[in-house]
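Here's an informal walk through one protein chain, from the overall build down to single residues. Have the sequence and the model open as you read.

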Amino acid sequence: MVSKVVSATPYGFHGQLIEIEGDISRGLPGLQIVGLGNKAIDESRDRVRSAIKNSLLDFPKGKITINLAPAELPKDGTQFDLPIALAILCLGKQLPQTALEGALFAGELALDGSLRPIRSAITIAETAKQHGISTVYLPASNSEQALLISDITVIPVNNLTELFLHLKQEKLIQPAVKTKQQYRQKKRGIIIDDIRGQEQAKRAVAIAVAGRHNILLSGPPGSGKTMLARALNSLLPPLSDAEIIEVTKLHNLDGNQVSHDIVTDRPFRTPHHTASRISMIGGGAKATPGEISLAHHGTLFLDELLEYPRTTLESLRQPLEDKQITISRAQGKYYYPANFMLVATMNPCPCGYLGDPEKSCRCSSTQILNYQKRLSGPLLDRIDLTINVSRVAHEDLLSHKSSSDSQQKQFENMIKVARTLQTNRYGNSNKYNADIDSSSVDKIAALTIDAKQFLLTAAKKLDLSARGYFKVIKVARTIADLESSSEITIPHVAESLQYRQIIPT
């Protein structure tokens, strides 16, 4: 006889349905697993055997073959332990095949038969829903994460014995119930009011957050660039339910996230400048997501941008445009979303004091040129706002700070108004002005006749590229939204143009 149990495995950002087939025949007793599984799946033979015996169930005698179909798809993970065990119990006629139909099973077995949490439970639950499977059996600690997917029934399982009795209809397990999501309190970090001076830079940060525009902060050491970047994180709106699902899926695939955690805070990724290109864009032996995907729906902060290898920076060009990354490997192609806001800081020269009014630059023109050439023109053209941050006067550093966080609240209210206008405009709460493709800019631009003529004149004088031209319009649209203006006027365009300035030379 042949038994069949349905499970799933992550394949890139999405999941793939896997059918576990079991067959028993005469021959030397043994358990063989085929179907292009990795080392973890091969070792499941011993875990499954011990779990069945320690659950006081009978392990069938005979030659048992387990096939993971489709056989040509590489499989990884320990979530196949439970379905393999159920297929074996079905072969031993301890469970009827009908008890396993219409449901999906996944879980890692301990030697005593208890279930340990698995990674990517949310991906497995989503895959089940996409294939019309309404019931999913998962380790109890994974149930809360799986319940983020609507319209499925999640059965939380603690051990193999408990599941066996449930499937035999002797002692039923109650389905997991979705409780009101308890969002973690966001840790209070640096906020706008913590920064002295820098009013223009703060304004640029608010514009960047409101329209999800990429921003580059340039200035001498100690001018507050990093503080501004971190304060930007405090202005970001909370994740929506759909965004929570996507971010949690990605962080589960990373391998460093606790497998049953739900990510409720917007990502703020800060890779060091020594990070490799693979760690940035994703890849490796298992083609896991990189920093740009882990920053999905959040911020990728690159401190001291020009210290990163040129190849690493250039690899960001395509994801910045397409909002996703494709990783090609011998086993296949893997797609990961990468819709992030790039926030970067840099010094204008190796010593950092080029253009500083108080301290003279010690670099030669050749050193300055070579340093700034690390940032290519095409990558700079993809950054919506570039702002030069000047140093703050010493007497202002210890100035009295109001305890009311008035500027922070003012910015939050302005950004909320701008976000509401964008949601109404695009009919999607997850779409920002920066996400609009160039072919749709004319539909949302709403420039006055004078503003359009002013922009054309400025574009010719500044020699803006086509991409830069459209980015000026998008930023101007965000500035208008911050002021609740339906039209883009000359002041909006003028402010947007000043953020297209190049680093001082």
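What follows goes from the whole chain to its empty spaces, then to a helix pair and a few residues worth a click.

## The overall picture

First things first: this is a predicted model. The protein chain runs to 505 residues, and 53% of them count as buried. Its secondary structure comes to 21 helices and 18 strands. Along the principal axes, the C-alpha trace spans about 85 × 45 × 45 Å.

How much of the contact map comes from residues 24 or more positions apart? Taking the contacts with a separation of 6 or more, such pairs account for 74%.

## The largest pocket

Now for the open space. The largest pocket has a volume of about 720 Å³. It is lined by 29 residues, and if you want to find its centre, go to Pro10, Asp76, Gly77, Lys286 and Thr288, the closest ones to it.

Which elements each supply at least two residues of that lining? Strand E1 (2–11), helix H9 (241–254) and strand E16 (332–337) each do. Sorted by class, the pocket lining has 11 nonpolar, 12 polar and 6 charged residues.

## The enclosed space

There's also a space with no way out for the probe. The structure holds 1 cavity of 30 Å³ or more, and about 70 Å³ of space lies in the largest cavity. Its lining is made up of Val209, Arg212, Leu236, Pro237, Arg266, His297, Gly298, Met341 and Tyr432. By class, these divide into 5 nonpolar, 2 polar and 2 charged.

Arg212, one of the cavity-lining residues, has a backbone worth checking too. Its phi is near 50°, a positive value in a residue other than glycine. You'll find Arg212 in the loop between helix H7 (199–211) and strand E10 (215–218). Its relative accessibility is 7%, so Arg212 counts as buried.

## Where H4 meets H9

Helix H9, already met at the pocket, also packs against helix H4 (residues 121–130). The angle between the two is about 120°, and their axes are 8 Å apart. That angle makes H4 oblique to H9. On the H4 side the contact is made by Ala121, Ile122, Thr123 and Glu126, while H9 brings in Ile245, Thr248, Lys249 and Asn252. The residues of this contact divide into 3 nonpolar, 3 polar and 2 charged.

Zoom in on Ile122 of helix H4. Is Ile122 buried or exposed? With a relative accessible area of 0%, Ile122 is buried. Leaving aside residues up to four places away in sequence, Ile122 touches Gln145, Leu148, Ile149, Ile245, Thr248 and Lys249. For a sense of distance, the C-alpha atoms of Ile122 and Ala210 are separated by 30 Å, with their positions 88 residues apart along the chain.

## Backbone oddities

Ser120 sits in the loop between strand E7 (115–116) and H4. What is the phi of Ser120? It is near 65°, a positive value in a residue other than glycine. Ser120 has 2% relative accessibility, so it counts as buried.

There's a cis peptide bond as well, joining Ala69 and Pro70, with omega at about 5°. Pro70 lies in the loop between strand E4 (63–69) and helix H3 (81–91).

## Two more residues to click on

Gln422 is part of helix H17 (residues 406–426). At 0% relative accessibility, Gln422 counts as buried. Which residues does Gln422 touch, not counting those up to four places away in sequence? They are Ala210, Gly211, Gly427, Lys431, Tyr432, Asn433 and Asp481. Tyr432 also turns up in the lining of the largest cavity. Between the C-alpha atoms of Gln422 and Ile444, 22 residues apart along the chain, the separation is 9.9 Å.

Lys53, found in helix H2 (residues 44–54), is partly exposed, with a relative accessible area of 49%. The C-alpha atoms of Lys53 and Gly113 are separated by 8.4 Å, and the two residues are 60 residues apart along the chain.

Terms used. Residues are numbered from 1 along each chain as its sequence is written. This is a predicted model: local features need pLDDT of at least 70, side-chain atom pairs count only at pLDDT 80 or more; totals for chains, interfaces and linings use all residues. Side-chain values use heavy atoms; hydrogens and water are left out. On a 1 Å grid over the protein atoms alone, a cavity is a set of points where a 1.4 Å probe fits but cannot get out, and a pocket is an open set with protein on both sides within 12 Å along at least five of seven lines; lining residues have an atom within 4 Å of a point. Grid points are joined across faces, edges and corners, and a volume is the space filled by probe spheres set on the points. Helices (H or I, at least four residues) and strands (E, at least two) are DSSP runs, numbered from the N terminus. Ala, Val, Leu, Ile, Met, Phe, Trp, Tyr, Cys and Pro count as nonpolar, Asp, Glu, Lys and Arg as charged, and the others, Gly among them, as polar. Axes are lines fitted to C-alpha atoms, for helices over the stretch in contact, and angles run from 0 to 180 degrees between N-to-C directions. Angles under 35 degrees count as roughly parallel, over 145 as roughly antiparallel, 65 to 115 as roughly perpendicular and the rest as oblique. Contact means heavy atoms within 4.5 Å. Buried means under 20% relative accessible area, exposed over 50%, partly exposed in between (1.4 Å probe, protein chains only).
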